[in-house]
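Biologist: Thanks for sitting down with me over this one. Could you put it on the screen, and then we can go through my questions together?

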Amino acid sequence: MDTNPPELPFLSNIGLMLTYRCTVACPHCIVEAGPHRKEEMRLEHSLAWIEQASAYRHGHIKGLALTGGEPFYNLENLAQISAYGEALGFIISVVTNAFWASTKDVALGVLSRLPAIQMISISTDVYHQKSIPFDYIKNAVWAARELGRLYNIAVCTDNEEDRQYQKIIEDLKAIGEADRIRVSIIFPAGRAQKRARYFNSHTTPEPTVGACSVASSPVIFPDGRVNACIGPLLTLPPVHPMSLGDLHQEALSEVLDRSELNPVLHTIRVWGPHKLVSLLRQHGLDALLPKEYICDCPCDVCYKLLCDRRIVDALESILQDKQIRQTIAYARLYYLNETTMAELYHLHVTDCPDRRKSDSHPRAASTAPASAAS
Amino acid sequence: MEPVRELRFTIPKSFLEVFAQEPRFVLKPFPGLWPVDIRLLRSGLLEKLVADEEFNANFEIMIVPRG
């Protein structure tokens, strides 16, 4: 039986990181958001990039995830951006800390102004609750329910044994939200790196094993950079392989097409960042590897590998190998039923649907034009 | 509208043997900054459709394996 969680198809969802501004400056925030930050995505850029996303491969991108910072900080922009996205056919989701849900009526009023938003992820944890009381979360949940919006509650912790964390989980369960809780582990990047001594993470010498589905959903930042995911790599200068491009330099379609052939990205998607560790070990590069990783935190593995220029150079060299690249292409075909990489490497044998070989594993698919081949 | 193209790929036996012995394990998605949860979406949309009398009078939902 397949116990894997369902995954979003590659590039079927894209994120807009609308702002670094936030009502609170939590110590665990990887993007170092806060009231002091000024960087916001310009409205005209947001709309232009959403339009490009809509046109990509004739509507391949289905989901538009709005994040920050705190997207509700600029409610007028959020309303315009979400409405434009919905008009172009996107499913709109948003992340928020619910600072706006001071009462039930206010929460209902705010969400009513955002009819295009279909899903809301409400963040609450020990750090958020220093500024945003639990009642605000309850009000936001109530308003989402009243308006028929989908929602989940994201809780971050450095240690699942922490008493305060456990209290939050109990409180959420007490209001009937057990099924909506999504827990994640704090990793030391951004502000969390500067305050790492305050966290009490468990570590292990072996990396977390498992494929990362979040790397299927790239994110656009206010300055036009595109990252393969919303993880801690976003805090690094854009010279690592998960930095996909810059929309002030090229079109979104060029950036996304090129990502189809990114061997680091697809190794992480197919197997997980631990596979990169295995590759480095196979090539005798153990000395470069981190000595420990945070337990159950794949982002930590990715970050620790790709923040080291020597490791990035070594991986780029290893992944030049044609056989490894073909392995990744076949693995995408086998595990994910994704044909584009195999097609771009000219691994297809025929366009005849009836041809089969007894020792082979044929896969057929309708594909979009392979513009990344150029 | 783009014409549908059908391509056929053959994964060599040597790769198949390796992949068959390496079941893929997917980590739970990191939720904090990433709200899209297709389980939530799917269940919500299906529930909405099932509850819609007009929809039910005119359509039915069939879940079939991918081709």
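Biologist: What percentage of the residues of chain B count as buried?

Modeller: Remember that this is a predicted model. Chain B has three helices and one strand, which follow one another as β-α-α-α along the sequence. Of its 67 residues, the share that counts as buried is 22%.

Biologist: And in which helix of chain B is confidence lowest?

Modeller: Happy to look at that. The mean pLDDT of chain B is 71, and 55% of its residues score at least 70. Where pLDDT is low, predicted coordinates should not be read in detail. Confidence peaks in helix α1 (residues 13–20) of chain B, at 94, while the lowest mean, 62, belongs to helix α2 (residues 38–51) of chain B.

Biologist: What pTM does the predictor give the complex?

Modeller: There are two scores to quote here. The predictor gives the complex an ipTM of 0.73, together with a pTM of 0.83.

Biologist: On to chain A: what share of its contacts with a separation of 6 or more is between residues 24 or more positions apart?

Modeller: A little background helps. Chain A holds 13 helices and 13 strands, and 46% of its 374 residues are buried. Among contacts with a separation of 6 or more, residues 24 or more positions apart account for 74%.

Biologist: Which strands are the edges of the open sheet of nine strands in chain A?

Modeller: Let's walk across the sheet. Its order is β6-β5-β4-β3-β2-β1-β8-β9-β10 (chain A), and the pairing is mixed. An edge strand pairs on one side only, which leaves β6 (181–185) and β10 (243–246) of chain A.

Biologist: Inside that sheet, which residue of β3(A) is the bridge partner of Leu64(A)?

Modeller: β2(A) and strand β3 (residues 91–96) of chain A run parallel and are joined by four bridges. Leu64(A) is also among the residues with the most contacts inside the largest nonpolar core, which has 109 residues. Its bridge partner in β3(A) is Ile92(A).

Biologist: Ala140(A) is another residue with many contacts in that core. Which residues does Ala140(A) touch, leaving out those up to four places away in sequence?

Modeller: In soluble globular proteins, nonpolar side chains tend to be buried together. With residues up to four places away left out, Ala140(A) touches Ala98(A), Ala101(A), Ala107(A) and Ile122(A).

Biologist: Are the buried residues of α1(A) on the same side or on opposite sides of the helix?

Modeller: Helix α1 (residues 43–55) of chain A has 13 residues and reaches 19 Å from first C-alpha to last, close to the expected 18 Å. Its buried residues are Ser46(A), Trp49(A), Ile50(A) and Ala53(A). Because they cover an arc of only 105 degrees around the axis, they are on the same side.

Biologist: What covers those buried residues of α1(A)?

Modeller: The cover involves both strands and helices of chain A. It includes β1 (13–19), β2 (63–68), α2 (75–87), β8 (219–220) and α7 (252–259).

Biologist: Is Ala154(A) buried or exposed?

Modeller: Ala154(A) is in strand β5 (residues 150–157) of chain A. Its C-alpha is 9.2 Å from that of Val95(A), 59 residues away in sequence. Ala154(A) has 24 C-beta neighbours inside 10 Å and the cut-off is 20 or more, so it counts as buried.

Biologist: Last one: is Gln164(A) buried or exposed?

Modeller: Gln164(A) is in helix α5 (residues 163–174) of chain A. Around Gln164(A) there are 11 other C-beta atoms within 10 Å, and 12 or fewer is the cut-off, so Gln164(A) is exposed.

Terms used. Residues are numbered from 1 along each chain as its sequence is written. Chains are lettered from A and ligands numbered from 1 in the order in which they are written. This is a predicted model: local features need pLDDT of at least 70, side-chain atom pairs count only at pLDDT 80 or more; totals for chains, interfaces and linings use all residues. Helices (H or I, at least four residues) and strands (E, at least two) are DSSP runs, numbered from the N terminus. Two residues are in contact if their C-beta atoms, placed from the backbone, lie within 7 Å. The expected span of a helix is 1.5 Å times one less than its number of residues. The arc is that of the directions from the helix axis to the C-beta atoms. pLDDT is the predictor's confidence in each residue, from 0 to 100. A nonpolar core is a set of buried Ala, Val, Leu, Ile, Met, Phe, Trp, Tyr and Cys residues joined through C-beta atoms within 7 Å. Two strands pair if DSSP finds at least two bridges between them.
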